[in-house]
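Q: I am new to this structure and would like a close look at a single part of it, followed by whatever else helps me place that part. Please take me through it step by step.

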Amino acid sequence: MSGLYIHLPFCKSKCGYCGFYSEPDAYGLTEKYFDALLKDLSARQSAEYDTLYIGGGTPSSVSPVLLSAFLEKLSAKIPFSFEESTIEANPESVTPDFLSVVRDFGFSRVSMGCQSTDEKVLKLLGRVHGRAEIFGAAELIRSMCPDTALNLDMIFDIPSVDNSVQMKTLEEMISLAPEHVSAYSYSFDTEYLKNTEPCGDSAFLDVKKALQAAGYHKYEISNFAKAGHESRHNMAYWRLKDYDGLGASAWSLKNFEGGRVLSGKTGDLHEYIANPEAFAETDRTEGVHAAAQELVFGLRMLDGTDFSLLKYRYGDAACVFEERVGTLVSEGMLTWRRENLCLTEKGELILDSVQEYLWGCLP
């Protein structure tokens, strides 16, 4: 069993800070793109998936009629008996028609990209929704899809925005009682706000404290959930389990004994439609480099990486990390919980540096 990710790159506009592949105003290609996705799926070996995640882009902005027709064809090809199924949405495009599709196909989660409830911050980020649409969308989801869990995304350390403003966003999101909250540190992957001073560590600690006080369990570096509502699909990513990615810019991962193969689709909508079965890039990783991936990705999770299992799988290849792991433990960045190597709170604050240090011992 593995996860299935489907990328819908359609957006009403492109946010300056967003590093995900999307195409504004390309909705005229939606039908052709859905046909390409089905061809892509037909070329895959896996016939069963335990999780489904439809992301983007903005899946909720696609025509509900076309989305429903695509899902109907998809369900004819693979069993719709997922342990978990998620679809992403933005507040401005959460409509009764979209939610009818969510309900009809039994999606267990809706992940809504709010980012902030402050009007000035939303404009700074280039979002096309306002704060009122966030609350309206959440209310509509609850009324039309009462059995569907809600995840809300926020960005908590936006450059030039006072921490009190961002904590007000978190307070208002908590008031909506979502089952899951994804709280992301602002990313400088794009040039947007590149020359602005980043915020300090206090924002991360404030967010963590507020969410835990409200009953959310922190199970990954940026993700908090009520009991039983952790994202199974995303945990499979962090644990480097098998998954298939359909769509432009989507990636797939296949494990073999001693390593794994990562394969990516083209990041061009037109090229993908023309040849959806082709992979644009393939990377085979094994030995010490595969062990490093498991170690570093596993540290994102609260329960960390089982180091004894790492040594069992990779033998001497895993032992090259022992000296640097010992250094990080002695400096209070990592700690042992039985056989698991985990981040401390001090380590959480500089996760990128911890990961870079561990990567640094690779040959």
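A: In this predicted model, a good place to begin is a pair of residues in the interior, since Phe10 is buried and Tyr33 is buried as well. The centres of their two rings lie 5.4 Å apart and the ring planes stand at 85°, so Phe10 and Tyr33 form an edge-to-face pair. The pair links distant parts of the chain, for Phe10 belongs to strand 2 (residues 10-11) while Tyr33 belongs to helix 1 (residues 30-42), and 23 residues separate them. Phe10 and Tyr33 also belong to a wider group, because a ring pairs with another when their centres lie within 6.5 Å, and one aromatic cluster is formed by Phe10, Tyr27, Tyr33 and Tyr272. Across the structure there are twelve aromatic pairs.

From the rings we can turn to the helices, beginning with helix 15 (residues 351-359), whose axis comes within 9 Å of the axis of helix 13 (residues 322-330), the two crossing at roughly 150°. Since an angle over 145 degrees counts as roughly antiparallel, helix 13 is roughly antiparallel to helix 15, and the crossing of these two helices is right-handed. On the side of helix 13 the contact is made by Arg324, Val325, Thr327 and Leu328, and on the side of helix 15 by Val354, Tyr357 and Leu358. Sorted by character, the residues of this contact comprise five nonpolar, one polar and one charged.

Helix 15 also packs with helix 10 (residues 288-298), here at an angle of about 160° and with the axes 10 Å apart. Helix 10 and helix 15 are therefore roughly antiparallel to each other, and their crossing is right-handed. In this contact His289, Ala292, Gln293, Leu295 and Val296 of helix 10 meet Gln355, Leu358 and Trp359 of helix 15, a set that divides into five nonpolar, three polar and no charged residues. Leu358 thus appears in the contact with helix 13 and again in the contact with helix 10.

Some details of the backbone deserve the same care. Gly56 and Gly57 are joined by a cis peptide bond with omega at about 25°, and Gly57 sits in the loop that runs between strand 4 (49-56) and helix 2 (64-77). Leu240, a residue other than glycine, has a positive phi near 55°, and its place is the loop between helix 8 (232-238) and strand 11 (243-246). With a relative accessibility of 9%, which is under the 20% limit, Leu240 counts as buried. Ser249, likewise a residue other than glycine, has a positive phi near 75°, and Ser249 is found in the loop between strand 11 and strand 12 (251-256).

Last comes Pro96, which lies in helix 3 (residues 96-104) and, at 44% relative accessibility, counts as partly exposed. Once its neighbours within four places in sequence are left aside, Pro96 is in contact with Leu140 and Met144. The C-alpha atom of Pro96 is separated by 17 Å from that of Ala132, a residue 36 places away along the chain.

Note on methods:
Residues are numbered from 1 along each chain as its sequence is written. This is a predicted model: local features need pLDDT of at least 70, side-chain atom pairs count only at pLDDT 80 or more; totals for chains, interfaces and linings use all residues. Side-chain values use heavy atoms; hydrogens and water are left out. Axes are lines fitted to C-alpha atoms, for helices over the stretch in contact, and angles run from 0 to 180 degrees between N-to-C directions. Helices (H or I, at least four residues) and strands (E, at least two) are DSSP runs, numbered from the N terminus. Angles under 35 degrees count as roughly parallel, over 145 as roughly antiparallel, 65 to 115 as roughly perpendicular and the rest as oblique. A crossing is left-handed if the near helix is turned anticlockwise from the far one by less than a right angle, and right-handed if clockwise. Contact means heavy atoms within 4.5 Å. Ala, Val, Leu, Ile, Met, Phe, Trp, Tyr, Cys and Pro count as nonpolar, Asp, Glu, Lys and Arg as charged, and the others, Gly among them, as polar. Rings of Phe, Tyr and Trp (its six-membered ring) pair if their centres lie within 6.5 Å; planes under 30 degrees apart count as stacked, over 60 as edge-to-face and the rest as tilted. Buried means under 20% relative accessible area, exposed over 50%, partly exposed in between (1.4 Å probe, protein chains only).
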